[in-house]
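Thank you all for coming. Please take a moment to look at the sequence and the structure before I go through how two chains meet.

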Amino acid sequence: MELTDFFTNYTLRTITLGTAVLGAICGMLGSFAVLRKQSLLGDAISHASLPGIALAFIITGVKNDNLILIGALISGLVGTFWIKGIVKRTRLKNDTALGLILSLFFGLGMLLLTFIQKMPNANQAGLDKYLFGQAATLVEEDVWVMATVTGISLIVLLLFWKELKLLLFDPDYTKTLGFNTRFLDILITSFIVLAIVLGLKTVGVVLMSAMLLAPAAAARQWTNNLGIMIVLTSILGAFSGVLGTAISASQDNLSTGPVIVLVAAAFVAISFVFSPGRGLLFREIRIRRNRRELHLRKTLTFMYHIARDHEEISHPHAIKILNNFHGFSRKSLTKLEEQQFIKLNGKEWALTKKGYNEAEAMYNKMGTTHD
Amino acid sequence: MTNAQLEIQIIAALVAVACAIPGTFLVLRKMAMISDAISHSILVGIVLGFFITQDLNSPLLILLAALTGIVTVVMVEYIQKTNLVKEDTAIGLVFPALFSIGVILIAKNANDVHLDIDAVLLGELAFAPFDRLLIGGMDIGPKSLWVIGVILFLTLLLLFLFYKELKLSTFDKGLAATLGFSPVILHYGLMSVSSVTIVGAFDAVGAVLVVALIIAPPATAYLLTDNLKKMLILSSFFGVFAAISGYWMANFLDASIAGSMTTVLGVIFLLVYLFAPRQGVFSVMFKEKQQQVEVSLLVFLLHLQNHTDPKERHVNHLQEHINWGKVKSKTILNLAKKNNFVTIDANIALLTPKGEEFTAEALKYITTNEETAIEGLKKRFFLFRG
């Protein structure tokens with residue numbers, strides 16, 4: 001496969017465009033899901049849409065993608081609001097409600113799917129693809145539908161930007177300001193359901209949730225600004241879509257869904273480790289640097305106490321009197337010498353004028369903050 | 001009923017009970033979704049185990065796969081501990097990645113592996129009786145019956161041995177830890193049992209539906225009882241009922257057994273969700289309605305107590321004064337009369353001594369912030385509710 005194939009090969013171009021748009025919309029709405037602690041809602045919704053897919057086929061008897069999408073949308077919405085109802089009305093907790101709806105709806109969907117397989121007009125071969133997704137079946141029309149939905153959700157997002165942002169970070173305050181939080185909640189949830197349903201054909205029921213939250217979880221590590229995060233998430237989502245499609249197209253027997261999910265997961269792993277502000281690597285480096293700094297200061301303070309009792313501050317002392325408890329090590333000693341706080345001479349050390357002043361300043365500062 | 005049919009039903013029932021027991025504790029510990037994560041990610045373990053053992057029912061494969069489940073739990077907890085993402089996001093990140101690896105492994109080795117995606121999602125309960133366990137050439141039953149039987153036996157054994165500890169640490173973690181029961185050991189013990197059970201059940205009912213068997217029966221039972229023992233028994237009962245009736249439904253519809261088991265569970269849950277005596281939607285709505293009426297009654301009585309002016313106590317005046325509609329004020333007035341709290345003389349309402357006493361006491365409880373005491377008060381006055 002050549003790079004130019006992406007621009008000349010019709011099918012490949014459609015698929016690439018489709019997964020890119022899908023990644024973008026999922027990223028955009030996924031940011032909200034992740035920040036509202038609704039990450040697993042996506043998982044439940046995507047599973048809950050399966051009976052809708054099957055029912056749409058049973059009722060209409062034809063395999064029309066748009067009808068199936070509407071069926072999936074309805075059953076996804078029913079599932080979502082049932083979850084909210086269970087949490088609100090009974091003592092079952094959020095996680096139980098999610099797991100219940102997820103598995104029960106999926107079970108019903110599977111029952112209907114196996115039932116369809118036995119039906120005489122079983123041109124159902126296409127329904128299986130909703131389980132793991134098959135980007136290869138995307139046609140230009142699908143891309144248009146996705147692009148339209150993306151456009152609409154972008155407009156809605158911009159229209160309600162301030163309200164949604166407020167709802168995200170302080171729901172109680174939003175309510176007291178007089179905004180209709182119920183409406184906003186339903187609005188954003190419905191769009192999340194819509195995004196998930198759109199992705200079913202490409203990524204599949206089982207893995208759709210990862211598509212929704214992995215790019216958002218990755219982007220979250222790089223910024224604390226909601227606007228930037230949403231843009232970044234969309235870019236990451238689109239990129240995982242394109243890269244995943246490219247990889248799965250280059251080999252036989254590779255479903256697109258799992259590959260896209262793995263690419264997105266790789267982005268998450270990279271972000272977790274390497275993001276400069278929150279990443280694990282830089283966090284570890286910062287912790288180590290702080291620890292070393294603390295050791296140096298402790299050693300210097302100890303030296304200051306000894307030097308203070310002598311007439312001449314640069315009177316040499318044996319290294320032996322320093323011990324580990326004072327944070328002393330061969331390395332910290334050379335570090336101190338590098339900064340010209342002490343002078344080393346054989347087995348002895350002596351504080352310099354600069355080191356004495358530094359330690360004195362530090363000591364005085366400590367005194368003022370502690371007492 | 002043929003022998004194979006009976007065997008399928010026994011296997012399904014055993015799977016249901018084996019799932020319901022750890023499920024009860026997962027639901028009570030608010031960790032239900034971790035079962036979803038485990039059930040997906042063990043796929044990697046099963047595929048890898050299958051490459052090594054070439055036998056879906058081998059104990060080694062079950063152990064390997066269960067290990068993957070525990071690795072998942074550890075990974076989720078590690079990500080949660082880094083505080084980089086919120087808790088549930090950690091679950092949502094780990095299992096799709098592992099599941100994807102599993103799916104890709106199956107797809108890439110489709111020719112050597114007798115595992116297909118449908119089996120992963122649905123299980124192959126219908127074929128279970130054909131895979132027999134032979135010892136010394138003697139047929140002693142289907143392999144999966146033995147596998148799930150052993151798992152259930154171990155689960156029950158552990159349940160009886162550590163019932164007290166599990167109960168305590170589920171409801172009061174702090175107390176359990178102070179008394180010296182290590183929460184870590186209990187937590188990972190429960191996770192291990194869940195993993196092993198999920199792996200054992202996976203073969204029979206598939207990845208997603210094992211979640212239904214773990215969560216749905218305990219969740220349904222939780223809406224019916226407050227007692228842990230009863231909850232365990234009830235959820236096992238629901239599981240077994242769903243297993244057997246699900247089998248016959250599948251037989252009738254000629255569809256997936258696991259799918260119809262789950263559907264039966266769904267119907268049971270829906271019924272209990274709507275009609276449970278205390279926790280059900282309808283009874284909660286009824287209770288709320290009743291409370292509304294009671295509060296209104298109290299407001300009415302307090303109003304009468306406050307105002308001596310006949311004009312204020314005129315029946316017609318109530319509507320505009322407390323701002324109630326015609327129907328509501330009439331209902332409340334009738335309720336107050338039926339309870340002998342008021343008498344009505346020429347359309348002027350007057351508190352009876354019983355009404356005076358009730359109102360005074362209720363007011364005292366409200367002002368001293370002891371609203372719970374009102375429940376007892378209602379009983380003492382034989383409050384008749386409309």
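How many residues does the contact take from chain A and from chain B? Where contact means heavy atoms within 4.5 Å, it takes 56 residues from chain A and 60 residues from chain B. I should say early that this is a predicted model, in which local features need pLDDT of at least 70 and side-chain atom pairs count only at pLDDT 80 or more, while totals for chains, interfaces and linings use all residues. Residues are numbered from 1 along each chain as its sequence is written, chains are lettered from A and ligands numbered from 1 in the order in which they are written, and side-chain values use heavy atoms, with hydrogens and water left out.

Together, chain A and chain B bury about 5100 Å², and 73% of that is on carbon and sulfur atoms; buried area is the accessible area, taken with a 1.4 Å probe, that two parts lose on being put together, summed over both. On the chain A side, Leu40(A), Arg91(A) and Leu111(A) supply 14% of the area buried against chain B, more than any other three residues.

Arg91(A) appears again, since its side chain meets that of Asp226(B) in a salt bridge at 2.7 Å, N to O. The rule, which asks for a side-chain nitrogen of Lys or Arg within 4 Å of a carboxyl oxygen of Asp or Glu, finds 1 salt bridge across this interface. Helix H6(A), a DSSP run (H or I, at least four residues) numbered from the N terminus, gives the largest share of the side of chain A that touches chain B, 15 residues.

Conventions
Helices (H or I, at least four residues) and strands (E, at least two) are DSSP runs, numbered from the N terminus.
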